[in-house]
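Biologist: Please take a close look at the salt bridges in this model, one pair at a time. I would also like to hear about the helices and strands that surround them.

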Amino acid sequence: MLDFRVDEEQKMLIDAINRFSTERVREQFRDAEEEGHLPPELVQAGWEIGWLQTAVPEQYGGFGEYSAVTGVLALEEYAYGDLATTFKIMSPNSIAIPLMLCGTEAQKEQYLPHFVGESIPKLSSALMERVYQFNPHHLATTAVSTADGFVLNGRKVYVPAAKEADTILVWANENGQTEGFLIDTGIEGISVGAKDKLMGIKSLPTYELILNDIKIPPSAKLGGEVGCDFDLLLNHSRVAASATAVGMARAAVEYAIAYAKQREQFGRPVAQNQSIAFLLADMMSDVESMRMMVWEAAWLIDQGQEITKEALLMKHFVDQAVVRVTDGAVQVLGGYGYIREYPVELWLRNARGFATFDGMVTI
């Protein structure tokens, strides 16, 4: 039976992240978006809250308390503050979780201790490609097996912090299967291209990554010769991205409600206008529905169940619902909703990206 009650440790984590989001992130996220740069001290403070550090197994320096449900609770609270900040703080998850679930023992010993340090590790991942109707199961980036290992060729986009990363988990097509490869950014043939010019999440610099005959040893393949269960990892990523959508949608509906209560037209708050009240009710229903679907999927992950169907249905609903909610917030504010001084226009721009955020975050 599903149980949506949080325990004491989860409540403490939620409260800590909520304070961080409301007291620190909300004060800086609009300036960061305008400047296209997140303050390092803000990212460091978010990292120090330590969800990932607790999830890493004890033998690699963590506390061994991994829980997908706890992960989505944390992601919702982070994204309640700002989506780009969340993606930056949680970007190491996109390597750590695949390593925890599919890595070889040697890979775990080499990389997992990096995720329990005081500073956020300089790591990134690269899944997305600039192709029509992108399909993560049919990548244009290729990995060809050779006598000495693999040769990779291709181009990636949406690679967070690619310029500063020491290691990048690159996803490529190996004989029709999507596999991950841990690549040192200092090797010959890899280069970072132009910064992506995105509609939203502008404070998170993402880049194009060019792979030109990259030669890597067999040990660089995630999971070694066996490889990885890509559908399992993709499900974890879909649940994580959807959890951030819940947090941002919740921020939008709460802002819209507060505005509608204090904004007066014709001598009364606009919240008393029936059309506005119905719109707000629909927005609140969407947020609750999104959250329940995300929580159920995370709970099923913790039960060890296969959730590809549930994850696909959840992601399809959430991708549309987050746009409805944030667009509704813009409508509630009327003309003010289109002005950059107010956060709702940013939330709507960010919401439009969820259909293309594959691999940006995971739990």
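Modeller: A residue counts as buried when its relative accessible area is under 20%, as exposed when that area is over 50%, and as partly exposed in between. The model is predicted, and a search of the whole structure finds 20 salt bridges.

One of them joins E33 to R340, with the closest N and O atoms 3.2 Å apart. The two partners come from distant parts of the chain, since E33 lies in helix α1 and R340 in the loop between α10 and α11, 307 residues apart. E33 has a relative accessible area of 4%, and is therefore buried, whereas R340 has a relative accessibility of 37% and so counts as partly exposed.

A second bridge is made by E76 and R291, whose closest N and O atoms are 2.8 Å apart. This pair, too, links distant parts of the chain, because E76 belongs to helix α4 and R291 to helix α9, with 215 residues separating them. Both E76 and R291 are buried. The helices that carry them cross: the axes of α4 (residues 68-81) and α9 (residues 274-302) come within 7 Å, at an angle of roughly 150 degrees. On the α4 side the contact is made by A68, V69, V72, L73 and E76, and on the α9 side by R291, V294, W295, A298, W299, I301 and D302, so that E76 and R291 are themselves part of it. Sorted by class, this contact has nine nonpolar and three charged residues, with no polar ones.

A third bridge brings the side chains of K88 and E164 together, at 3.1 Å from N to O. Here a helix is linked to a loop, K88 being in α5 and E164 in the loop between β3 (149-160) and β4 (167-174), 76 residues apart. K88, at 15% relative accessibility, falls under the 20% limit and so counts as buried, while E164, at 43%, is partly exposed. Beyond single pairs, salt bridges with shared partners join R30, E33, E34, R340, E345 and R349 into one network.

Two members of that network, E345 and R349, are among the buried residues of α11. Helix α11 (residues 344-351) is mostly covered, with eight of its eight residues buried; V344, L346, W347, L348, N350 and A351 complete the list. These buried residues pack against α1 (8-35), α5 (83-89), α8 (230-262) and α10 (308-333). For α10, the 26 residues should span 38 Å at 1.5 Å a residue, and the end C-alpha atoms are 38 Å apart, which agrees. Just after α10, G334 takes a positive phi of about 65 degrees.

Strand β3, which comes before the loop that holds E164, is mostly covered as well, with 10 of its 12 residues buried. It pairs with strand β2 (residues 142-146) in the antiparallel sense over five bridges, and T142 has N153 of β3 as its bridge partner. The two strands form a hairpin with two residues between them. Strand β7 (residues 206-216) also runs antiparallel to β3, joined to it by eight bridges, and in β7 it is L209 that stands opposite K156.

Technical notes
Residues numbered from 1 in each chain as written. Predicted model: local features only at pLDDT ≥ 70, side-chain atom pairs only at ≥ 80, totals over all residues. Heavy atoms only, no water. Axes fitted to C-alpha atoms, helices over the stretch in contact; angles between N-to-C directions. Helix = DSSP H or I, 4+ residues; strand = E, 2+ residues; numbered from the N terminus. Contact = heavy atoms within 4.5 Å. Nonpolar A, V, L, I, M, F, W, Y, C, P; charged D, E, K, R; others polar. Buried < 20%, exposed > 50% of the residue type's maximum accessible area, 1.4 Å probe, protein only. Salt bridge = Lys/Arg side-chain N within 4 Å of Asp/Glu carboxyl O. Expected span 1.5 Å × (residues − 1). Pairing = 2+ DSSP bridges.
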